[in-house]
Amino acid sequence: MPVEITWWGHATCTVEDAGVRVLTDPLFARRLAHLRRRRGDVPAPAARTADVALVSHLHADHLHLPSLAQLPSGTRLLVPRGAPAAVPGLRRLTGLEVTEVAPGDEVPVGDVTVRAVSALHDGRRLPVGPHRCPALGFVVSGEARTYFAGDTGLFDSLADEVGEVDVALLPVGGWGPYLGHGHLDARRAAVALSRIAPRSAVPVHYGTYWPIGLDAVRPHEFHAPGDEFARLAARLAPEVAVHRLGHGESVRPEVAK
């Protein structure tokens, strides 16, 4: 079966390839601290099913312990190296098979291989404290090669580290009115797309969570990034097919033969 991508909202996707279900940055909450889910239903329990779940970095909207606790017992979980020491709650998820990885590490899962790659992002659990863990992206290689960027900014070696891929899942927004260093907005994501040059792209990490009480503050930063990314990608990377999904929607993008 061709690779199938389902976007559940924020950075959470299911990548089905070669009979393996890969879940990215699982987040199944209606509310997270000061954030609430403004668009899309919380995914149904079936969305939790995966052979392996990938955690790109330690921020609570990417490493969300209550969501990880909902994964079926025996699910493989790949986390940045040092994450169990930095987030003790991970050690209490005894039903999951936790593997720590760093850029360059490769982990076989069934008929796919997951390779960790670098990301330019603050990998700390909290805004203050020591840098204990790298932020990561991942390349899932089976019948297709799918790059999940996690959270990252642009950096010079991005395309070289990712390598040749068929599909790129790129963050194009955030969960608040402003994006700081170490993030891709719609414009920077389109530049990244032009450098990586996949056959297809799916914009993620936008239009899902927003701070409570800030509905009227720069609302275009919530609503517009997906469309803006598609518009800019058409100019900067016209050969790439952009699939702008709704929450819970799936696509089977074209891959190289």
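Arg218 and Glu221 join their side chains in a salt bridge, with 2.7 Å from N to O. Both ends of this pair have some access to the surface: Arg218 is partly exposed at 32% relative accessibility, and Glu221 is partly exposed too, with a relative accessible area of 24%. Elsewhere, salt bridges with shared partners bring Arg36, Arg38 and Asp215 together in one network. Please keep in mind that the model is predicted. In total, eleven salt bridges are counted here, and the points below walk through two more of them before turning to the strands around S7.

**Asp166 and Arg145**

- A salt bridge connects the side chains of Asp166 and Arg145, at 3.5 Å from N to O.
- Asp166 sits in the loop between helix H3 (158-162) and strand S13 (167-171), while Arg145 belongs to strand S12 (residues 145-148), so the contact ties together parts that are 21 residues apart in sequence.
- The two partners differ in their surroundings: Asp166 is buried, because its relative accessible area of 3% falls under the 20% limit.
- Arg145, in contrast, is partly exposed, with a relative accessible area of 27%.

**Glu254 and Arg199**

- Here the side chains of Glu254 and Arg199 meet in a salt bridge, with an N to O distance of 2.7 Å.
- This pair links distant parts of the chain, 55 residues apart: Glu254 is in the segment after strand S17 (250-251), and Arg199 is in the loop between helix H4 (186-196) and strand S14 (200-204).
- Glu254 counts as exposed, because its relative accessible area of 53% is over the 50% limit.
- Its partner Arg199 is partly exposed, with a relative accessible area of 35%.

**Strand S7 and its neighbours**

- Strand S7 (residues 76-80) is mostly covered, with four of its five residues buried.
- Strand S6 (residues 52-54) pairs with S7 in the parallel sense, over three bridges.
- S7 is also joined to strand S8 (residues 97-101), again running parallel, and here there are five bridges.
- Arg76 is a handy residue for finding your way across these strands: in S7, Arg76 stands opposite Val52, and in S8 the bridge partner of Arg76 is Glu97.
- When you look at the side chains here, a general point may help: in a regular strand they alternate between the two faces of the sheet.

Technical notes: Residues numbered from 1 in each chain as written. Predicted model: local features only at pLDDT ≥ 70, side-chain atom pairs only at ≥ 80, totals over all residues. Heavy atoms only, no water. Buried < 20%, exposed > 50% of the residue type's maximum accessible area, 1.4 Å probe, protein only. Helix = DSSP H or I, 4+ residues; strand = E, 2+ residues; numbered from the N terminus. Pairing = 2+ DSSP bridges. Salt bridge = Lys/Arg side-chain N within 4 Å of Asp/Glu carboxyl O.
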